[in-house]
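Visitor: Please take me through one part of this protein up close, and take your time over it.

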Amino acid sequence: SRKHGTIKGLIRTFRKDLQRRESRQLLAKDIRPHDLGVEIGTGEQTIAPAKQTKLTDAFKDHAGANSIATEFFPAEKIPYNEQTFDFILSEHVLEHLPDPIRALREWYRVMNEGGHLFLVMPHPERCFDKDRQTSTIEQMKAAYDRKADSSDDSVWNEWEEKVLKPGLAPQYKNYSKEDALKNNLLHRWVFTPKSLEQLL
């Protein structure tokens, strides 16, 4: 339930082992007291300054975890005017999206000139993507050109063979292919710091 998700979010806020103090300090370096930001894909916790950030998500539930977001819309279609936000935060979202180029263009659209984009991304060597190939810019351009959406299953076979079958992501094993795609549960893209820099 929504109430349950809010309670979980509060627990995570007060537990010292979940506070991620270093990440919050990095954000604080570039966020001024009067800045307004948006977090894309908030999930069940946030490192954003709560009073300055609109917490948003596309889904109220992520593989059984309730989102603490207060606004719900797709990452690629933000219902705000151009140059609304001074910063955009996204943690572990871009790798799930069918079309990361479309999403980034939308994020830049709503960000003020001189604003900051904060991305927290999984490193393949430290997660269940360790045996997968790094996604290429050409693959992402192709997804953009074909207007890929959540029904796109172009990476499903690799995801199934390299992640699901070896049991590297047990939290996703009970989801059907259709549900995993529709809810953007799988990592459609594998980024390294260098490939992410190329994309940006």
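Guide: Let's start just past the end of helix 4: K147 follows this helix, and its phi is positive, near 55 degrees. Bear in mind that this is a predicted model, where local features need pLDDT of at least 70 and side-chain atom pairs count only at pLDDT 80 or more, while totals for chains, interfaces and linings use all residues. Residues are numbered from 1 along each chain as its sequence is written, and side-chain values use heavy atoms, with hydrogens and water left out. Helices here are DSSP runs of H or I with at least four residues, strands are runs of E with at least two, and both are numbered from the N terminus.

Now for the helix itself. Helix 4 covers residues 137-145, and its buried residues are I137, M140 and A143. They sit on the same side of helix 4 because they span an arc of only 120 degrees around the axis, taken from the directions from the helix axis to the C-beta atoms. Over on the other side, E138 and D145 are exposed. Buried means under 20% relative accessible area, exposed means over 50%, and partly exposed is in between, using a 1.4 Å probe and protein chains only. What do the buried residues of helix 4 pack against? Their partners are helix 3 (100-109) and helix 7 (193-199), with contact meaning heavy atoms within 4.5 Å.

On to the pockets. A pocket is an open set of points on a 1 Å grid over the protein atoms alone, where a 1.4 Å probe fits and protein lies on both sides within 12 Å along at least five of seven lines; lining residues have an atom within 4 Å of a point. Points are joined across faces, edges and corners, and the volume is the space filled by probe spheres set on them. The second largest pocket comes to about 210 Å³. It has 13 lining residues, with Q139, V155, E158, R188 and W189 closest to its centre. That lining splits into 3 nonpolar, 6 polar and 4 charged residues. Here Ala, Val, Leu, Ile, Met, Phe, Trp, Tyr, Cys and Pro count as nonpolar, Asp, Glu, Lys and Arg as charged, and the others, Gly among them, as polar.

As for the largest pocket, its volume is about 1000 Å³. It is lined by 43 residues, and H62, E91, H92, V93 and H96 lie nearest its centre. Strand 1 (37-40), strand 2 (53-57) and strand 4 (65-66) are the elements that each give two or more residues to this lining.
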